[in-house]
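Hi,

Here is the structure I promised to pass on to you. Have a look at it first, and then read my notes underneath.

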Amino acid sequence: SVVAVLGNMASALTLQGKTGEALAMQEKGLDARIAAGGGGDDEAKARALFNLGTSLKLEGRLPEALARFEEAIPIVRRNRAERTALEGMILTAIGDVHRVAERGEEALAAYKQARTFFRKTLGRECEEVGMVLYDMATVLANTGKAAEAVGLLEEALGIRRSACGEGSSEVGDTLYL
């Protein structure tokens with residue numbers, strides 16, 4: 001379908017670092033989806049909104065990114081009683097937007113929701129939990145709460161070592177903070 005082709009083109013452009021062009025493709029894809037009658041509340045629309053929000057975030061367009069993420073969350077929750085990893089990814093992205101905008105409390109609140117979600121759906125020791133703990137520690141460290149950050153980093157490091165392996169980039173990132 002046209003929507004799938006535009007999405008694939010956007011992914012390729014993102015990988016090439018051409019986020020502005022990727023953003024344009026994602027917007028066209030969402031518009032085409034809506035024009036074709038597929039603009040309802042389904043997971044494909046939520047994923048399209050997530051991808052668009054991610055590109056907007058990379059472009060530094062934080063209020064627009066946040067709006068797309070917040071539009072996607074209720075769609076996922078209405079349509080997926082069993083909940084999917086997409087919900088946790090969106091919650092993490094909302095936390096990222098708040099972190100970049102230096103709204104620490106809002107970032108922590110979103111990350112805590114993501115952590116709880118991932119623990120319930122993917123397990124307490126999954127890489128996604130390690131990632132969110134790392135993100136939470138980053139916020140705490142950047143807001144002068146180093147002592148709190150250390151505990152989260154230690155937990156994140158243990159999870160990432162277990163889930164990703166000692167030599168992984170995730171472990172390296174955790175050690176670097």
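Below is what turned up, going from the overall fold to single residues.

One thing to keep in mind from the start: this is a predicted model.

**The overall fold**

The protein chain is built from helices: there are 9 of them, and 0 strands. If you read along the sequence, you get the pattern α-α-α-α-α-α-α-α-α. The C-alpha atoms fit in a box of roughly 50 × 35 × 30 Å along the principal axes. The radius of gyration is 17 Å, which agrees with the value near 16 Å that a compact globule of 177 residues would have.

As for burial, 42% of the 177 residues count as buried. The chain exposes about 9,000 Å², and carbon and sulfur atoms supply 53% of that area. Among contacts with a separation of 6 or more, 52% are between residues 24 or more positions apart.

**The cores**

Which residues have the most contacts inside the largest nonpolar core? They are Phe69, Ile90, Ile94, Phe118, Leu133 and Met136, in a core of 42 residues. Helices H2 (19–35), H3, H4 (62–79), H5, H6, H7 and H8 each give two or more residues to this core. That goes with a general trend: in soluble globular proteins, nonpolar side chains tend to be buried together.

Isoleucine 94 is a good place to zoom in. Leaving aside neighbours within four places in sequence, isoleucine 94 is in contact with Leu66, Phe69, Glu70, Ile73 and Ala110.

There is also a second, separate core of 5 residues, and Leu6, Ala10, Leu13 and Met25 are among them. While you are in that part of the sequence, look at valine 5, which is found in helix H1 (residues 2–15). Valine 5 counts as partly exposed, at 46% relative accessibility. Its C-alpha atom is 9.3 Å from that of methionine 25, and these two residues are 20 residues apart along the chain.

**Salt bridges**

The count comes to 9 salt bridges. I'll go through three of them.

Start with lysine 57 and aspartate 96, whose side chains meet in a salt bridge at 3.2 Å, N to O. This pair links distant parts of the chain: lysine 57 sits in helix H3 (residues 43–58) and aspartate 96 in helix H5 (residues 85–100), 39 residues apart. Are the two partners buried or exposed? Both lysine 57 and aspartate 96 are buried.

Aspartate 96 has another partner as well, since its side chain also meets that of arginine 99 in a salt bridge (3.7 Å, N to O). Here the sequence separation is short: aspartate 96 and arginine 99 are 3 residues apart in helix H5, so about one helical turn separates them. Their surroundings are worth noting too. Aspartate 96 has a relative accessible area of 12%, which makes it buried because the cut-off is under 20%. Arginine 99, at 30% relative accessibility, counts as partly exposed. Put together, Lys57, Asp96 and Arg99 are linked in a network of salt bridges.

The third one joins lysine 145 and glutamate 105, with the closest N and O atoms 3.6 Å apart. Lysine 145 lies in the loop between helix H7 (127–142) and helix H8 (146–164), while glutamate 105 is in helix H6 (residues 104–121), so the pair ties together parts that are 40 residues apart in sequence. Lysine 145 counts as partly exposed at 30% relative accessibility, and glutamate 105 counts as exposed at 54%.

**Cysteines**

How many disulfides are there? The count comes to 0. Cysteine 126 is in no disulfide, and the nearest cysteine sulfur, that of cysteine 164, is 9.6 Å away. Why is there no bond between cysteine 164 and cysteine 126? Their sulfurs, at 9.6 Å, are too far apart for a bond, because a disulfide needs the two sulfur atoms within 2.5 Å. Cysteine 126 is buried, with a relative accessible area of 12%, whereas cysteine 164 counts as partly exposed at 28% relative accessibility.

If you want a place to start looking, try the network of Lys57, Asp96 and Arg99.

Cheers

Note on methods. Residues numbered from 1 in each chain as written. Predicted model: local features only at pLDDT ≥ 70, side-chain atom pairs only at ≥ 80, totals over all residues. Heavy atoms only, no water. Salt bridge = Lys/Arg side-chain N within 4 Å of Asp/Glu carboxyl O. Helix = DSSP H or I, 4+ residues; strand = E, 2+ residues; numbered from the N terminus. Buried < 20%, exposed > 50% of the residue type's maximum accessible area, 1.4 Å probe, protein only. Core = buried A, V, L, I, M, F, W, Y, C linked by side-chain atoms within 4.5 Å. Contact = heavy atoms within 4.5 Å. Rg over C-alpha atoms; globule rule 2.2 N^0.38 Å. Areas by Shrake-Rupley, 256 points an atom, 1.4 Å probe, with all protein chains shown as cover.
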